[in-house]
Amino acid sequence: MTETPLPPLLLIGCGKMGGAMLAGWLERGLTEAVVVEPNPAAVAAFAGRVTVVPDPAGIPAGFRPAAVVLAIKPQEAAATLPAFARLAGPETVFLSIMAGRNVAGMRAALGGQAAVIRAMPNTPAAVRQGFTVAFPGPGVTTAQQDLADRLLSAIGEVAWVAEEGLIDPVTAVSGGGPAYVFLLAEVMEAAAVEQGLPPDLARRMARATVAGSGALLAASLEDSAQLRKNVTSPKGTTERALAVLMAPDALPALMSKAIQAATDRSRELAG
Ligand SMILES: NC(=O)c1ccc[n+]([C@@H]2O[C@H](COP(=O)([O-])OP(=O)(O)OC[C@H]3O[C@@H](n4cnc5c(N)ncnc54)[C@H](OP(=O)(O)O)[C@@H]3O)[C@@H](O)[C@H]2O)c1
């Protein structure tokens, strides 16, 4: 079955996340897009496939995007959004992936009436294995939500929440989550070196173990606790390690504190 082509899109900011999304959309039949991006190096990979302009003044007159995707840094929002207020109307949805910028603030900057969806993706988007959680603001139509779902599905899985406040713990868990997993690879590598393994072997083992376990988790129907038990023979070596990692003050408590700290920080940054 051929997918319906994507409608015209306007992408604001084509850095790591914006670039990953644009690559995903082009794979899915994007035919018309304008990208506002001041840094030529950021858009070099897309030369000839989309129209690139350095600022909003360069957007071709008469260009009517079905979606405006906001992928700039949160601190750029206040200065940048008002230039796009003229596009707010029933035919255009604004889809933001900016951390911490809430729907009310974005609507105010866009003139008060814009249909705004707030989404939080994560960096595995770069290999189309991201996870995005999105919240539809007031006035977003079902068709606009469906379009946002298609756009976000181009970089991985998508889930929706009906309460904007849940985006704070989402930011803490899946937004920052890749960093915690990369930390796991780092500390496993360091611990392997401590045990006398050569550094290059330690690095390969840690990377392959984290990546392979992620692939197994993705491919398996069993939940993560069962996959853990499958590796843990009674009275064996893994059981001994897990007794350390799962002690009352160890990894479960630390992860809980870490997620709480990140959730609190997300609430502090909100606006
Ligand atoms: N990275 C993550 O893990 C992650 C996860 C979830 C959500 N996010 C959100 O995604 C957004 C983008 O993050 P990122 O990591 O992709 O950042 P990034 O790589 O710095 O990308 C932002 C891009 O926007 C450009 N830009 C700056 N001002 C602009 C303007 N006024 N108009 C148009 N483009 C402009 C920047 O150009 P210059 O380089 O010249 O400034 C840069 O190329 C952020 O809001 C972040 O909160 C990121």
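Biologist: As I understand it, a polar contact is a pair of N or O atoms within 3.5 Å. So which residue has a polar side-chain atom that close to a nitrogen atom of the ligand?

Modeller: Threonine 80, in this predicted model. A polar side-chain atom of threonine 80 is 3.3 Å from a nitrogen atom of the ligand.

Biologist: And what about the ligand's oxygen atoms?

Modeller: Glutamate 37 has a polar side-chain atom 2.8 Å from an oxygen atom of the ligand. With lysine 16 the backbone is involved: one of its polar backbone atoms is 2.9 Å from a ligand oxygen.

Biologist: How much of the ligand does the protein bury?

Modeller: The protein buries 77% of the 900 Å² that the ligand exposes when taken alone.

Biologist: Which residues come nearest to the ligand?

Modeller: Lys16, Met17, Glu37, Ile72 and Ala99, out of 22 residues around the ligand. By class, that shell holds 13 nonpolar, five polar and four charged residues.

Biologist: Which pocket is the ligand in?

Modeller: The ligand takes up the space of the second largest pocket.

Biologist: Where does UniProt put the binding site?

Modeller: An unreviewed UniProt entry places the "binding site" feature at Ile12, Gly13, Cys14, Gly15, Lys16, Met17, Ala71, Ile72, Lys73 and Pro74. These positions spread over 63 residues of sequence but cluster in space, with a largest C-alpha distance of 14.0 Å. The lining of the second largest pocket includes Ile12, Lys16 and Pro74 from this set, among others.

Biologist: Where does glycine 13 lie?

Modeller: Glycine 13 is in the loop that runs between β1 (9-12) and α1 (16-27).

Biologist: Changing topic, which residues does the catalytic N-terminal domain annotation cover?

Modeller: In the unreviewed UniProt entry, "Pyrroline-5-carboxylate reductase catalytic N-terminal" covers residues 11-100. That span is 22% helix and 19% strand, and its end C-alpha atoms lie 19 Å apart.

Biologist: And where is the dimerisation domain?

Modeller: The unreviewed UniProt entry places "Pyrroline-5-carboxylate reductase dimerisation" at residues 164-269. Residues 164-269 are 78% helix and 0% strand, with end C-alpha atoms 14 Å apart.

How values were computed: Residues are numbered from 1 along each chain as its sequence is written. This is a predicted model: local features need pLDDT of at least 70, side-chain atom pairs count only at pLDDT 80 or more; totals for chains, interfaces and linings use all residues. Side-chain values use heavy atoms; hydrogens and water are left out. A residue is near a molecule or strand if one of its heavy atoms lies within 4 Å of it. A polar contact is a pair of N or O atoms within 3.5 Å; within protein, one must be able to donate a hydrogen and the other to accept it, and residues adjacent in sequence count only if both atoms are side-chain atoms. Accessible areas come from the Shrake-Rupley method with a 1.4 Å probe; for residues, only the protein chains shown count as cover. On a 1 Å grid over the protein atoms alone, a cavity is a set of points where a 1.4 Å probe fits but cannot get out, and a pocket is an open set with protein on both sides within 12 Å along at least five of seven lines; lining residues have an atom within 4 Å of a point. A molecule sits in a cavity or pocket if more than half of its atoms lie within 2 Å of its grid points. Ala, Val, Leu, Ile, Met, Phe, Trp, Tyr, Cys and Pro count as nonpolar, Asp, Glu, Lys and Arg as charged, and the others, Gly among them, as polar. UniProt positions are given in the numbering used here, feature names are shortened, and annotations may be inferred rather than shown by experiment. Helices (H or I, at least four residues) and strands (E, at least two) are DSSP runs, numbered from the N terminus.
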